[in-house]
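Subject: Structure handover

Hi,

Here is the structure for you to take over. My notes on what turned up follow below it.

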Amino acid sequence: MHPQYPPRHLLLLLILLPSFVSCFSSTYRESPVANVLEHTHSYIDSRNYRPYFSTIDRKDDDVKHIFPRLLNFEAKVVARLDQASAPVSSAKVVNVDDFGAKADGTDDSQAFKKAWEEACSSKGSAIIVIPKNKIYYLKPVTFSGPCESDLVFKIFGTIKASAKVSDYENDRRHWLVFENVQNFRVRGGGTIDGNGKIWWENSCKINKSQPCQHAPTAVTFLECKSLIVANLRFQNAQQMHLSFQNCVNVRALNLMVIAPETSPNTDGIHVTGTQNIRIRNCVIRTGDDCISIVSGSKNVEATDITCGPGHGISIGSLGADNSGAEVSNVFVNRATISGTTNGVRIKTWQGGSGYARNIVFQNVVMRNVTNPIIINQNYCDQDSPCEEQTSAVQISNVMYKNIKGTSASDVAVKFDCSKNIPCRGILLQDVNIALEENGKPEASCANVNLRKRGEVFPQCS
C-alpha cells in the first residue's frame, strides 16, 4: 500500500499561509497591545523552508474550508488589535488650524510641523486633525518620530502639494515623509493630492527633450512599525503615490489611488524593504504599477484589489545594476485587473542575484490585459539594449491559481526566464484566458520548470 500524502495545493497553503498569520501576530508582541495575542501560530522561517509541488494528484474538498478559517482567525486578531490600541476618549486633539494653518492657498507647512511636534510630544494618545472642506498646501515636510505615545493623523479635508518645483530643491525624491513612528494610524476619509501635473509635463517619458530626473514620491512611510493607513484618497502624485519603506506590521485598507493613465511612473502602492504588510480593499488607477513589490519585502498580502488602468501588479523590478534582491512570501488574492499593460508580473534585470520565491497569485480576473501572466527575467527599461549577462535573480515556487479573463495580445502567458538560472517550481492551476478579440491566445515559455493542474489554457507547446 502506498503512503497517503497531502495534496500539493494543500501543502502549499498550509505552509505559506500560517507564515502570513504568524508573522503578523508574533511581531506585534513588540507593541503594548501584544497581550491580546496569547495563542498564535509559530513562525516558519522561509530560509529553512523549501515548498514543492507534489506530483500526487488527489482532490481534497477541505481546502476551501481550511483557508477561510485561517483568514477568519487573522481577522479576529486584527479586530482585537484595533480595539486594544484605539485612543481613549481623553486623547489630546491637535487641530492644525490652531497652529496657524489657513487653507487659503498659501503655505501651511510650518503650521503642520508645529501641530506634529505638539502631538508627538504628548505623554498620552494624541489625534492630529485636518478639518474637512478645506485645502491645505504644503511644501516638502518630514514628520519624524519616535513619539511619546500612540498617534492618529486624521485627514478630513485635503492636503495638496506645492506646484513649485523650486520648493523641492533640497530633496526631489519626497514630498510628505512619516519617519520612525510606531503605533501610528493615518485615516479620516480625506484626500492627499500630489498636484503632479507640472512633474508629468517635464518628465523625459512625456517630453523627450527633457533630461530624466527624479520626481517626488507623494507619501513615504519610512521605518514605521505597527502602522495603519486607511480610508483615504491619494491622487495625482508627482511620481509614486504611496511608499512603505523598511516598515514592519503595516495595514493599508480601503484606499483609492487615482491618476491619469498617461501620468509617468505614478505607481499606486510601492512596497520596499517592508515585512508583514496587508493591502486590502483598494482601488488603484494610475499610470504605472498598481502595486509594486521590490527587494527586502517579505510576507506581503494584497487582497480585494481593483487595478487599472496602469501596469498591473508587479514584483520588481529586481536586480538592477547587478544588485542583489530578496522577495518572499507574497500572496495576491481576489483581484480584478482591467485595461492594463500587464496583469500579474515578475520582472528582473539580467546580472542581478538573490531570489523571488514563495509567491501565490489566485482568484484574479483579467479584462483586456496586454500581458495577463508574465515572468520576465530579461527586463530592460532603457533606450539602449541591455548587455547579456549570466547571473540572474532566482525565481521559484510561484503558483497561478484560478486566473480567468481576456488578453489584449496574442500571448496571454509568457515566461521569459534566464538560460543560466531558469525559473523553478512554476505551477499553473485552473487558468483560462481568452483573446479579447476573435481567435486563440498563445503561451510562450522559455527556460522554465513548469507544471499544470486542472484546466489550463493557453498552454506552452
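The protein chain has 27 strands and four helices. Keep in mind that this is a predicted model. Of its 461 residues, 54% are buried. Take the contacts in the chain with a separation of 6 or more: 77% of them join residues 24 or more positions apart.

**The eleven-stranded sheet**

One open sheet holds eleven strands, paired in parallel. The order is β4-β7-β10-β12-β14-β16-β18-β20-β22-β24-β26. The edges are β4 (141-144) and β26 (442-446). Each of these has a single partner strand, so one side of each lacks a neighbour in the sheet. On average, neighbouring strands here are turned by 15 degrees against each other, direction ignored.

One pairing in detail: β7 (residues 174-179) and β10 (residues 217-222) run parallel and share five bridges. In that pair, His174 sits opposite Thr217 of β10.

**Helix α3**

Helix α3 covers residues 109-120 and lies across β4 and β7. Its direction is at about 5 degrees to β4. The helix has twelve residues. From first C-alpha to last, α3 reaches 16 Å, close to the 16 Å expected at 1.5 Å a residue.

Which residues of α3 are buried? They are Ser109, Ala111, Phe112, Ala115, Trp116, Ala119 and Cys120. They span an arc of only 160 degrees around the axis, which places them on the same side of α3. The general rule helps here: an α-helix has 3.6 residues a turn, so residues three or four places apart point the same way.

Two of these residues deserve a closer look.

- Ser109 is part of α3. Its relative accessibility is 3%, so Ser109 counts as buried. Beyond residues up to four places away in sequence, Ser109 touches Tyr137, Leu138, Lys139 and Val141. Ser162 is 53 residues from Ser109 along the chain, with 10.0 Å between their C-alpha atoms.
- Ala119 also belongs to α3. At 2% relative accessibility, Ala119 is buried too. Neighbours within four places aside, Ala119 contacts Val94, Ala126, Ile128 and Leu151. Ala119 and Val152 are 33 residues apart in sequence, and their C-alpha atoms are 9.1 Å apart.

**Strand β2 and its partner**

Is β2 (residues 126-130) largely enclosed or left open? Five of its five residues are buried, so the rest of the structure largely encloses β2. Both faces are covered. Ala126, Ile128 and Ile130 are buried on one side, and Ile127 and Val129 on the other. Strand β1 (residues 92-95) pairs with β2 in the parallel sense, over four bridges. Lys92 has Ala126 of β2 as its bridge partner. Ala126 is also one of the contacts of Ala119 in the list above.

**β5, β8 and β11**

Strand β5 (residues 151-155) runs parallel to β8 (residues 182-187), joined by four bridges. Leu151 stands opposite Phe184 in β8. β8 in turn pairs in parallel with β11 (residues 225-235), again over four bridges. There, Arg185 faces Ile228 of β11.

**The nonpolar core**

The largest nonpolar core has 97 residues. Which of them touch the most other members? Those are Trp116, Phe153, Phe221 and Tyr400. Trp116 is one of the buried residues of α3.

Phe153 has a long contact list, not counting residues up to four places away in sequence:

- Phe112 and Trp116
- Ile128 and Ile130
- Ile159 and Phe178
- Phe184, Arg185, Val186 and Arg187

**A buried loop residue**

Thr340 sits in the loop between β19 (324-338) and β20 (344-349). Is Thr340 buried or exposed? With a relative accessible area of 2%, Thr340 is buried. The cut-off for buried is under 20%. Leaving aside neighbours within four places in sequence, Thr340 is in contact with Cys307, Gly308, Pro309, Gly310, His311 and Gly312. Asn368, Val369 and Thr370 are contacts of Thr340 as well.

Over to you.

Conventions:
Residues are numbered from 1 along each chain as its sequence is written. This is a predicted model: local features need pLDDT of at least 70, side-chain atom pairs count only at pLDDT 80 or more; totals for chains, interfaces and linings use all residues. Side-chain values use heavy atoms; hydrogens and water are left out. Two strands pair if DSSP finds at least two bridges between them. Helices (H or I, at least four residues) and strands (E, at least two) are DSSP runs, numbered from the N terminus. Axes are lines fitted to C-alpha atoms, for helices over the stretch in contact, and angles run from 0 to 180 degrees between N-to-C directions. Contact means heavy atoms within 4.5 Å. A nonpolar core is a set of buried Ala, Val, Leu, Ile, Met, Phe, Trp, Tyr and Cys residues joined through side-chain atoms within 4.5 Å. Buried means under 20% relative accessible area, exposed over 50%, partly exposed in between (1.4 Å probe, protein chains only). The expected span of a helix is 1.5 Å times one less than its number of residues. The arc is that of the directions from the helix axis to the C-beta atoms.
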